[in-house]
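Q: Please take a close look at the salt bridges in this model, with attention to any that share partners. I would also like to see that part placed in the context of the whole chain.

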Amino acid sequence: MQISTIIGLVLGIVSLVVGMILKGAPVVNLVNNPAAYMIIFVGTAASIFMAFPMAEIKRVPKLFKVIFTEQKLLDRKELIGTFTEWASITRREGLLALESKVEEIDDPFMRGGMRMIIDGNDQEFVRDVLMEDINATEERHRSGALIFSQAGMYAPTLGVLGAVVGLIAALADLSDMEKLSHAIAAAFIATLLGIFTGYVLWHPMSNKLKRLSKKEVDLKLMMVEGLLSIQSGISTIAISQKLAIFLTPTERANMTQKDGDSSE
């Protein structure tokens, strides 16, 4: 599970409920107001269906899975070790010696790139194909994040609409002032839900998708540099130094320290 998503969701709900209790607001209105949920959630869904083609909306369940489950990406330090090993084999035996390694590669992007360089394709061609793949991935990820950011924009406005509907219903009968006060309070639950879902759920989920996308894209860029470096035939030390720029300073320092310990 994506633990940060779970923590954020729980803290958001707790902050809302406890905040209402501390302010003396009737929490029962949160669960005893089906009209507010209808306007906010169904209304937001309606807006999304209006704003996006069906092909993109069909991806929403997969996007929720991405948000709530941990990404399974290759470890960058291990990837550097893999590329340095392949570079060593290439310098000793040539690119064709890596043919037996292709089927061992789990990542389809890296496997496709390895096949292209083994087949003797021009380096510029390999780079262009891989970068086009990355650009297509970024665009797909961008459209997914946009769905959630748009939902975050629509929900608060629908909250105002819900409050207006509630006030119309409340002001229809002014004979009982106590009943009227409760009806007005309940009317603003829609506004509360709209703001809460927009700024605690949808916008943050959109941001998380963008961050996860960047993490995946950076890894693919690292693979591109590693594959092209192997094709160029550079040394294992040079390829290790080149790919180390994709690591954080802490990871880089740990890797340097580990290499120093192993050489002793």
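A: The account below begins with the chain as a whole, turns to the salt bridges, and ends with two further sites.

The model is predicted. Its protein chain contains twelve helices and zero strands, so that, by the DSSP runs used to assign elements, every element from the N terminus on is α. The C-alpha trace spans about 95 × 45 × 25 Å along its principal axes. The radius of gyration is 27 Å, whereas a compact globule of 264 residues would have a value near 18 Å. Of the 264 residues, 39% are buried. Among contacts with a separation of 6 or more, 77% are between residues 24 or more positions apart. The accessible surface amounts to about 15200 Å², and carbon and sulfur atoms account for 62% of that area.

Now to the salt bridges. Side chains of opposite charge can pair when their charged atoms come close. A search of the whole structure yields nine such salt bridges. One of them joins E225 to R127, with 3.5 Å between the closest N and O atoms. E225 belongs to helix α10 (residues 189-232) and R127 to helix α8 (residues 123-171), so this pair ties together parts that are 98 residues apart in sequence. The two partners differ in their cover: E225 counts as buried because its relative accessibility is 19%, under the 20% limit for that class, while R127, at a relative accessible area of 29%, is partly exposed.

E225 also takes part in a second salt bridge, in which its side chain meets that of K242 at 3.3 Å, N to O. This pair, too, links distant parts of the chain, with E225 in helix α10 and K242 in helix α11 (residues 236-243), 17 residues apart. Through shared partners, the salt bridges join R127, E225 and K242 into one network. K242 is partly exposed, with a relative accessible area of 35%. The network therefore has a buried residue, E225, paired with the partly exposed R127 and the partly exposed K242.

Helix α10 also holds a salt bridge within itself. D218 pairs with K214, the closest N and O atoms lying 2.9 Å apart. Both residues lie in α10, four residues apart, which is about one turn of the helix. K214 is partly exposed, at 43% relative accessibility.

Helix α8, which supplies R127, also contains S149. S149 is buried, with a relative accessibility of 14%. Leaving aside residues up to four places away in sequence, S149 touches W202, H203 and S206.

A surface feature elsewhere in the chain completes the picture. V28, V31, Y37, M38, F41 and V42 form a nonpolar patch on the surface, and together they have about 570 Å² of accessible area. Helices α2 (28-31) and α3 (34-51) each supply at least two residues of this patch. The largest share, four residues, comes from α3. V42 is placed in helix α3 and is partly exposed, with a relative accessible area of 46%.

Terms used: Residues are numbered from 1 along each chain as its sequence is written. This is a predicted model: local features need pLDDT of at least 70, side-chain atom pairs count only at pLDDT 80 or more; totals for chains, interfaces and linings use all residues. Side-chain values use heavy atoms; hydrogens and water are left out. Patches are made of residues with over 30% relative accessible area and no salt bridge: like charges are joined within 9 Å, nonpolar side chains (Val, Leu, Ile, Met, Phe, Trp, Tyr) within 5 Å. Accessible areas come from the Shrake-Rupley method with a 1.4 Å probe; for residues, only the protein chains shown count as cover. A salt bridge is a side-chain nitrogen of Lys or Arg within 4 Å of a carboxyl oxygen of Asp or Glu. Buried means under 20% relative accessible area, exposed over 50%, partly exposed in between (1.4 Å probe, protein chains only). Contact means heavy atoms within 4.5 Å. The radius of gyration is taken over C-alpha atoms; the globule rule is 2.2 Å times the number of residues to the power 0.38.
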